[in-house]
Amino acid sequence: MFTIFENRMIVPNVYQMTVHAPDVAQSALPGQFVIFRPEEDGERIPLTLADWDVQAGTVSVVYLNVGRSTAKLASSKAGQTLPTVVGPLGNAMEIDRYGAVLCVGGCYGIGSIYPIARALKAAGNTVVCVLEARSSFLLYWQEKLRAVSDQIVCLTRDGTSGKRGHIGSLAEIIRTLPMRIDRVILNGCNYLMMRGSQETLPLKIKTIVTLNTLMIDGTGMCGVCRVSVNSETKFACVHGPHFDGHQVDWAEVTQRRKAYLQEEVIPLRTTQPL
Amino acid sequence: MEQPVKKGLDLNRRPMPKQAVEVRRRNFEEVALGYDSRLAMEEAARCIQCKKPGCVERCPVEVDIPAFIQAIAEGEFERGVRILKSKNSLPSVCGRVCPQEEQCEGGCALLKKAAQIAIGRLERFLGDWEAAQPDLMMPEIAPPTGKRVAVIGGGPAGLTVAGDLVKLGHQVTIFEALHKMGGVLVYGIPEFRLPKRIVEREVEYLRRLGVKMVVDYVVGKTRTVDSLLEEYDAVFVGSGAGLPWFSEMPGNNLNGVYSANEYLTRFNLMRGYSFPLVPTPVKEHVRVAVIGGGNVAMDCARTALRMGAETTVLYRRSREEMPARLEEIENAEEEGVIFRYLTLPTRCVGDERGWVKGLECIRMELGEPDASGRRSPVPLPGSEFFLPFDAVIHAIGNSPNPLIPQTTPGIEVGRKGNIIADPQTGKTTKPRVWAGGDVVTGAATVILAMGAARRAARSIHEYLTNPSEW
């Protein structure tokens with residue numbers, strides 16, 4: 001059992017949860033994920049680590065309340081316990097001194113890009129963070145990200161914060177930056193990662209995405225997370241979750257991601273309390 | 001009932017009572033109901049108590065089979081349990097899932113007369129009889145040695161090593177990656193063949209013996225083997241199955257295409273057959289194809305059938321070559337699984353939304369025997385045909401789990417990613433690290449994993465009590 005330290009909505013429908021899992025915190029590296037199980041007999045939900053604290057023995061994730069299991073997660077309170085917190089799983093993000101790195105986060109990815117930006121900064125890179133959201137009220141963690149980056153660019157569809165635009169404006173943003181970008185890292189929904197990769201392809205900038213495929217065990221056993229990268233089947237949980245965004249078969253990733261859309265709605269058609 | 005042909009020689013193997021076909025093909029409850037004590041005693045009385053028992057020779061864990069059978073015949077079940085459990089800590093499990101026809105029963109003197117003793121059923125009877133008693137019999141535990149052993153993986157290999165070593169007085173901790181102990185016994189083998197309460201009972205027994213168990217702990221990720229070696233005197237790796245194999249053909253990443261591991265894990269570990277009462281979603285499929293002919297293929301097919309799908313097993317050789325246990329093939333046939341032999345799928349065909357809609361197949365004929373001694377299938381040119389399916393399950397095996405080899409320097413790995421271990425001792429190339437089960441052999445059986453674990457436990461005990469050069 002893993003005790004919840006904090007669970008709160010940070011912007012509409014986006015939650016930040018911190019749980020006590022000292023062994024996971026001890027081994028955590030940027031870009032790795034954990035699996036949470038919100039209830040007995042519950043689903044195993046893979047979530048990218050957004051932060052951890054070795055001293056306090058805690059790990060934090062940022063997640064969206066979108067289905068039955070994340071709704072259950074969202075309804076749990078500090079002091080309660082989760083039956084499963086397991087990890088850190090997957091490979092760490094490759095961190096090196098690349099020069100200038102653009103870290104793009106959208107939605108939960110604003111949280112999950114944070115440890116990556118922090119590690120890149122510590123490795124001596126110039127770090128520029130692009131935070132993408134529909135509107136200013138959906139942006140979060142700007143202060144945290146500012147502390148580990150050289151520049152922050154906010155991108156909102158309605159222009160209420162920073163530049164007006166969306167992920168499709170990425171190439172233009174890169175062109176207007178004062179420095180040459182050597183590497184781009186994309187964290188967020190499939191659309192953001194796919195569209196962002198399309199933007200950087202003609203610019204020939206190496207682009208890494210952190211895939212969020214379906215998973216069950218997360219340890220290389222079930223194979224539901226398979227994805228075609230450069231026409232070869234890879235398993236996101238043990239070969240990834242980080243891949244070259246220019247080599248990922250995005251149509252396939254998007255299709256596979258939707259496999260249980262119908263079924264995920266069924267349990268929500270109820271008036272019972274969650 | 002047939003009359004014995006010779007005085008004292010009863011050739012009437014007592015049949016296993018089963019759930020009626022029409023009932024069981026729509027539920028997930030156990031198919032085989034087990035012998036009652038009368039049937040068990042009758043069956044046991046048929047044993048001729050060979051001087052040189054062929055059954056014992058063929059048992060991977062060396063159970064004294066004639067002795068426990070004798071005890072049953074005499075109605076002394078408690079004595080039988082003691083004999084059995086001195087060698088096999090999981091009798092209720094092994095009695096259900098061991099391939100007895102290839103092992104003990106294959107060595108029975110009565111096999112020539114097709115009347116081999118139903119050793120597996122008797123083993124299961126004793127295991128279940130003991131569980132039904134109000135007080136659990138506890139074995140003797142040696143005085144504490146002060147030695148600590150870490151066991152990676154809570155499946156058949158890990159549970160066996162832990163049971164053997166805890167009885168010898170060592171302190172044992174099992175680290176399990178999933179949220180439940182049991183490994184393949186809980187995520188893989190379906191409820192209708194091995195009820196999960198039986199696994200829970202066996203796990204509880206080990207816990208009472210003093211084995212510590214940590215779930216949700218992925219050695220290699222949460223903590224490395226090297227780090228464990230700082231705290232423990234010995235480490236046993238029984239991390240089991242890894243990446244599933246898919247038959248080589250285009251279209252395997254379409255929606256509706258599963259590995260057997262995924263399909264079975266959704267239904268067993270995650271209890272998908274109760275969806276939407278449990279949250280892990282499963283699809284309602286109409287026509288399901290299972291590719292492969294082993295026990296795992298039978299488990300998938302019988303699960304799909306119980307979920308209401310018309311289910312077809314596609315196997316590239318003929319029925320004779322199928323590696324699944326005959327009993328499981330017969331169960332599947334009785335329940336209505338369709339078998340298409342000498343059939344090789346060559347392409348998964350998808351619809352415009354990325355869902356599988358069928359398989360292109362080709363007919364095969366059997367040619368010369370291959371390395372495995374089985375006649376190898378050869379495609380018949382021009383025999384291509386299409387079969388419609390909305391789900392395809394690949395049950396053709398898997399590679400060993402990669403997490404420990406990937407994260408443990410100094411551990412030698414074979415061509416297929418399997419950990420290299422001495423077959424007699426389970427010793428790996430890394431000092432103080434032993435390994436056994438599927439992570440060493442690739443996909444095999446529960447009992448082979450247990451046999452390897454028993455030998456490793458012996459070697460670990462020897463090393464701990466009398467440390468020597470690696």
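In chain B, 26 Å separates the C-alpha centre of domain 1 from that of domain 2. That is a handy way into this structure, which is a predicted model.

**How chain B is divided**

Three domains make up the division of chain B: domain 1 covers residues 21-132, domain 2 is built from 148-242 + 400-465, and domain 3 takes in 246-396. Where domain 1 and domain 2 of chain B meet, 17 residues of domain 1 are in contact with 21 residues of domain 2. On the domain 1 side of that meeting place, helix H6 (residues 91-97) of chain B brings the largest share, with five residues. Sorted by class, this side of domain 1 of chain B, the one touching domain 2, holds eleven nonpolar residues, two polar ones and four charged ones.

**A sheet in chain B**

Now for a closer look at some strands. Chain B has an open sheet of five strands, and reading across you get the order E3-E2-E1-E4-E16, with parallel pairing. Why is one side of E3 and of E16 in chain B left without a neighbour in the sheet? Strand E3 (212-214) and strand E16 (433-435) of chain B stand at the edges and each has a single partner strand, so there is no neighbouring strand on one side of each. Going from one strand to the next, the twist averages 20°.

Take one pair as an example: strand E1 (residues 148-152) and strand E2 (residues 171-175) of chain B run parallel and are joined by five bridges. If you want a spot to find by eye, go to B:Val149, whose bridge partner in E2(B) is B:Val172. The sheet also has a helix packed on it: helix H17 (residues 446-465) of chain B, which touches E1, strand E4 (234-237) and E16 of chain B. The direction of H17(B) makes about 170° with that of E4(B).

**The two chains side by side**

Here are some overall figures for each chain.

| Chain | Helices and strands | C-alpha span along principal axes | Buried residues |
|---|---|---|---|
| Chain A | nine helices and 16 strands | about 50 × 40 × 35 Å | 51% of 274 residues |
| Chain B | 17 helices and 16 strands | about 65 × 65 × 50 Å | 53% of 470 residues |

With nine helices and 16 strands, chain A has a radius of gyration of 18 Å; the globule rule gives 19 Å for 274 residues, which is close, so chain A is as compact as a globular protein of that length. Chain B, with its 17 helices and 16 strands, has a radius of gyration of 23 Å, close to the 23 Å from the globule rule for 470 residues, so chain B too is as compact as a globular protein of its length.

What about contacts within each chain? In chain A, take the contacts between residues at least 6 apart in sequence: 65% of them join residues at least 24 apart. In chain B, among contacts with a separation of 6 or more, residues 24 or more positions apart account for 68%.

**Where the chains touch**

How many residues does each chain give to the contact between chain A and chain B? Chain A gives 38 residues and chain B gives 31 residues. Several elements of chain A give two or more residues to its side, including helix H1 (22-27), helix H2 (68-75), strand E14 (226-229) and helix H8 (250-257). Strand E7 (84-89) of chain A is also one of them, and E7(A) supplies the largest share, six residues. By class, the side of chain A that touches chain B comes to 16 nonpolar, eleven polar and eleven charged residues.

Conventions:
Residues numbered from 1 in each chain as written. Chains lettered and ligands numbered in written order. Predicted model: local features only at pLDDT ≥ 70, side-chain atom pairs only at ≥ 80, totals over all residues. Pairing = 2+ DSSP bridges. Helix = DSSP H or I, 4+ residues; strand = E, 2+ residues; numbered from the N terminus. Axes fitted to C-alpha atoms, helices over the stretch in contact; angles between N-to-C directions. Contact = placed C-beta atoms within 7 Å. Rg over C-alpha atoms; globule rule 2.2 N^0.38 Å. Buried ≥ 20, exposed ≤ 12 C-beta atoms within 10 Å, placed from the backbone. Domains from an automatic or database assignment. Nonpolar A, V, L, I, M, F, W, Y, C, P; charged D, E, K, R; others polar.
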